[in-house]
Amino acid sequence: MRVSQYFAAIVTLCLSQPVSAAEIKYPVSEIPEEMKTGMYAVVREKEEKFMIMSTSNSTYVVRCVITILKPEAKRLATLAVWYDKAVKIDYMRASVYDASGALIKKLRANEIEDGSNISDYSLYEDDRYKAADLGQATYPYTIEYEYAQQFSYLMFIPGFTLIDDDEVAIQKSNYELIYPKTLKPRYKLNQIKEPVVSVQPDRRECLTWTFQDVKPNKFEKFSTGNQTPSIRVAPVEFAFKEYGGNMSTWESYGKWLAQLNKDRDVLPESTKTKVKELTKDLKTTEEKVKAVYEYVQGKTRYVSIQLGIGGWQPFPAETVDKTGYGDCKALSNYTVALLKEAGIKSYYATIKAGENESEILADFPSSQFNHIIVGVPNGRDTLWLECTSQINPFGYLGTFTGDRKALMVTETGGKLVNTIKYTADQNTQMRKATVTVLATGDAAAKINTVYKGLQYETNNLNFRISRQYNDQKEWILNNTKIPSFDINSFSMKDTKDKIPSASVNLDLSLKRYVTVSGKRLFLTPNLMSRSASIPEKGGERKTDVVTKTSFTSIDSITYQLPEGIYPEFTPAPITVKSRFGEYEANFILDAGKLLYVRKLKMKKGTYPKESYNELVEFYRSLNKADNTKMVFLNKT
């Protein structure tokens, strides 16, 4: 579905104009030294203005002057603006100045790239862009640009982010919203004060936010990502093409989505017969849903087509049935239609998909989504279907759409619900290994690891396991955390359940795995799961601590030791407990064998900002424990 791309677009360009060497503007010397220190760019002036005339007419105007101090900021001199049949570009201009403020150039029309903005996964889109690179070889330099977009609909209102890079300072910036009283938009502020309210000569109201001399703090790790002052804006009454709606509540927004889907669930009679035949002998709702889902996977493929209202409205189910392809909207709508024919109620649901996407603002109804899935009520649970994937196990959402809010389009409108959350007991990595150690320090290892749930996915086994031998071997080389080894043989096996898993078997030769020094042998029992990353300690923290992973990892490694050696030092059991997770390691010697058992359980959660240094110490303790060495003496 179409995303509000202008939230992400940077900005743009130019009309051909004569160059005047006498024009001196924005010398770098006018920037206070404290604004440049530690920064690679400084925004000198930025003005953003969104003007609403009606639900079918609004204008977005941007003007920006930014000084590029260092090569790290060169990307900020790459300017782009998008347009399509519903969004026109009124004008674009850009100039470049050297450090002294002398005009280097005014961008010419033949330097502008005008291209199609077709995504890698899309068959056709009507989105286009105009772009140009204003970068210079000599630093510092300053670019000035301005442009205006004309919108023939009112659905998205460009919001405002004061800082999107913690190495770019802002001297002056302002954001304005101008609107008739009947179309007053809603806004949500994050770390920003209320605006100044004024009335325009044409009696429209104006909200103005102004900022001066802002130097950003460094972004904090283990945070929500929402660390910068920002303004989110959305209309109440809105329209896209002939479809009007109200966005003041999730319920009303869901009614608008339902309006787009109306009467698009009609199926051919032959397909209705097929569905009934497919499900007639199945007893439970889950069995029937699984049969329909796998039918969709086998019959269709994902192809994105984004044209006008088609960016929001699904193809009719009959079209998908005939062509065998569709985007997330079309395939989800088709699946809902098939389930309806099987006598099962299901719901079209819009969601913000992506492994690292921020959470939606649940208290600010608006178009915050970029994907469609299907929810099927099943008693006290809900079965969730990702209809665009031909390889996804039935009922599995994973990191793409799991554990977040979705807007389910029901008979009474939109309803915000939670998708499935995967627990630490479902996301597991279970490893068993036998390692035969030679007196030379070399070793032979037979290893079995079972990756389950999100561990199966985050290790990329969901894609790699079905590929050819060389691709699988490359995965093993990249993911086997042993300093030096040769592969004798390996195998992989996939199990596609609602909580999928993969089993990986390795037969390895380990070169100099044990360090030999005189009569002593030094062995690190942790074979493949050593914690390497330790966050830096910080000063006074401003945001809560957020840990985003929840999993359990258990390693059970048996070492067959050479004859004639005995332990000089055996570590005591190690236990580390924290609000963030729990860790245990045990070292058990018996009859020439060492059994090393390590268990780590990490907890997903949000914790007080004061706990950050406790998190650092937790990781420091893990690192120390994982690198524990044992020392053996050779009797001979």
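Tutor: Helices, of at least four residues, and strands, of at least two, are DSSP runs numbered from the N terminus. On that basis this predicted model has 11 helices and 39 strands.

Student: What are the overall dimensions of the protein, and how much of it is buried?

Tutor: Along its principal axes the C-alpha trace spans about 95 × 75 × 45 Å, and buried residues make up 52% of the 636 residues. The accessible surface comes to about 30100 Å², with 48% of that area belonging to carbon and sulfur atoms.

Student: Why is Y179 called buried?

Tutor: The term requires a relative accessible area under 20%, and Y179 has a value of 1%, so Y179 is classed as buried. Y179 is found in strand 11, which covers residues 168-179.

Student: Which residues is Y179 in contact with, once its neighbours within four places in sequence are left aside?

Tutor: The contacts of Y179 are then with I52, K184, P185, R204, E205 and L207. In addition, the C-alpha atoms of Y179 and F50 are separated by 8.5 Å, although these two residues are 129 residues apart along the chain. For the protein as a whole, among contacts with a separation of 6 or more, 73% are between residues 24 or more positions apart.

Student: How do you know that C387 and C328 do not form a disulfide?

Tutor: A disulfide needs two cysteine sulfur atoms within 2.5 Å. The closest cysteine sulfur to that of C387 is in C328, at 9.5 Å, which is too far for a bond, and therefore the pair does not qualify. By this rule the count for the model comes to 0 disulfides.

Student: Are those two cysteines buried or exposed, and what makes them so?

Tutor: Against the cut-off of under 20%, C328 counts as buried because its relative accessibility is 1%, and C387 likewise counts as buried because its relative accessibility is 5%.

Student: What makes helix 3 and helix 6 a packed pair, and how do they cross?

Tutor: Contact is a matter of heavy atoms within 4.5 Å, and T271, K272, V275 and K276 in helix 3 meet Y334, L338 and E341 in helix 6. The residues of this contact divide into 3 nonpolar, 1 polar and 3 charged. Helix 3 (residues 269-279) and helix 6 (residues 328-341) pack at an angle of about 65 degrees, with their axes 9 Å apart, and helix 3 passes helix 6 in a right-handed crossing.

Note on methods: Residues are numbered from 1 along each chain as its sequence is written. This is a predicted model: local features need pLDDT of at least 70, side-chain atom pairs count only at pLDDT 80 or more; totals for chains, interfaces and linings use all residues. Side-chain values use heavy atoms; hydrogens and water are left out. Buried means under 20% relative accessible area, exposed over 50%, partly exposed in between (1.4 Å probe, protein chains only). Axes are lines fitted to C-alpha atoms, for helices over the stretch in contact, and angles run from 0 to 180 degrees between N-to-C directions. A crossing is left-handed if the near helix is turned anticlockwise from the far one by less than a right angle, and right-handed if clockwise. Ala, Val, Leu, Ile, Met, Phe, Trp, Tyr, Cys and Pro count as nonpolar, Asp, Glu, Lys and Arg as charged, and the others, Gly among them, as polar. Accessible areas come from the Shrake-Rupley method with a 1.4 Å probe; for residues, only the protein chains shown count as cover.
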